[in-house]
Every structure is written in structure tokens, then in C-alpha cells.
Amino acid sequence: PQCSFWDPMLDDGYGDWSSEGCEIDENYNDTQNEVTCFCDHLTSFSILLDVSPAIESTEETPLTHVLNAVTYIGLIVSIVCLSITIISYLSSKKLRSKEHGQIL
């Protein structure tokens, strides 16, 4: 966790989180259910937590292989259909003309 406050002067006036002048209680450990911040100014404070895993898994699982296959198949089908659409449009003068028939 990180004790922070919103500083509207950062990022060219758009504001950003800053931890300047704030620190976490030195007795903090991960098993506690509370965090104590000590800051040397009075503003609105927040505790920012990084909930992402420390190490991302690069392990190949059967699910990963299935999801990769579905992704590649979907991409190939999309590209083929887009190519057919473009070729159909370019090869038909009737579709490109302003005087083609109504759909309904």
C-alpha cells in the first residue's frame, strides 16, 4: 500500500497522486487489516493498493492453448470475410454506382 493524496498542481494542472509528505506506519505488515498513514499536511488522502500479482504466470496451460487457437481462428475468419467484402465491392460496378437498387 501507498499513502497518497490528490495534488491538483501535478501533471500540468490536471492533477495526479502524490505521496510527498506521507508515509505508512513502520509497524505495518501484510497480515493486518488496517493501514495507518502519517502525513505532514491536511488534504484528502487515499491508500493506493496494487492488487496485481507480483509475478505474472507465463505457464502454458491447456486453457491457454485453446484460447490462443480460438483467437487465431477468429482473426483468420475476420480477415477472410473482410477480404471477400472488399473484393466484392471493388469488382461490382453496380455496388459502387450511385444508382444501385434498394435493399428493402
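Reader: Why does Trp-6 count as buried, partly exposed or exposed?

Author: This is a predicted model, in which local features need pLDDT of at least 70 and side-chain atom pairs count only at pLDDT 80 or more, while totals for chains, interfaces and linings use all residues. Residues are numbered from 1 along each chain as its sequence is written, and side-chain values use heavy atoms, with hydrogens and water left out. Buried means under 20% relative accessible area, exposed means over 50%, and partly exposed is what lies in between, with a 1.4 Å probe and protein chains only. Trp-6 has 40% relative accessibility, so Trp-6 counts as partly exposed. Trp-17, at 39%, is likewise partly exposed.

Reader: What makes Trp-6 and Trp-17 an aromatic pair, and of which kind?

Author: Rings of Phe, Tyr and Trp (its six-membered ring) pair if their centres lie within 6.5 Å, and planes under 30 degrees apart count as stacked, over 60 as edge-to-face and the rest as tilted. The centres of Trp-6 and Trp-17 are 5.3 Å apart and their planes stand at 80°, which makes the pair edge-to-face. By this rule the count comes to one aromatic pair.

Reader: Which parts does the pair of Trp-6 and Trp-17 tie together?

Author: Strands (E, at least two residues) and helices (H or I, at least four) are DSSP runs, numbered from the N terminus. Trp-6 lies in strand β1 (residues 2-7) and Trp-17 in strand β2 (residues 16-18), so the pair ties together parts that are 11 residues apart in sequence.

Reader: Why is Asp-7 called buried?

Author: Asp-7, which lies in strand β1, has a relative accessible area of 19%, and therefore falls under the 20% limit for buried. Leaving aside neighbours within four places in sequence, Asp-7 is in contact (heavy atoms within 4.5 Å) with Gly-15, Asp-16 and Ser-18.

Reader: What is noted about the phi of Asp-11 and of Asp-12?

Author: Most residues other than glycine have a negative phi. Asp-11 has a positive phi of about 55° although it is not a glycine, and Asp-12 also has a positive phi of about 55°. Asp-11 is placed in the loop between β1 and β2, as is Asp-12. With a relative accessible area of 48%, Asp-11 is partly exposed, whereas Asp-12, at 76%, is exposed.

Reader: How do you know that Tyr-72 is exposed?

Author: Tyr-72, whose place is in helix α1 (residues 62-91), has 54% relative accessibility, which is over the 50% limit, so Tyr-72 counts as exposed.
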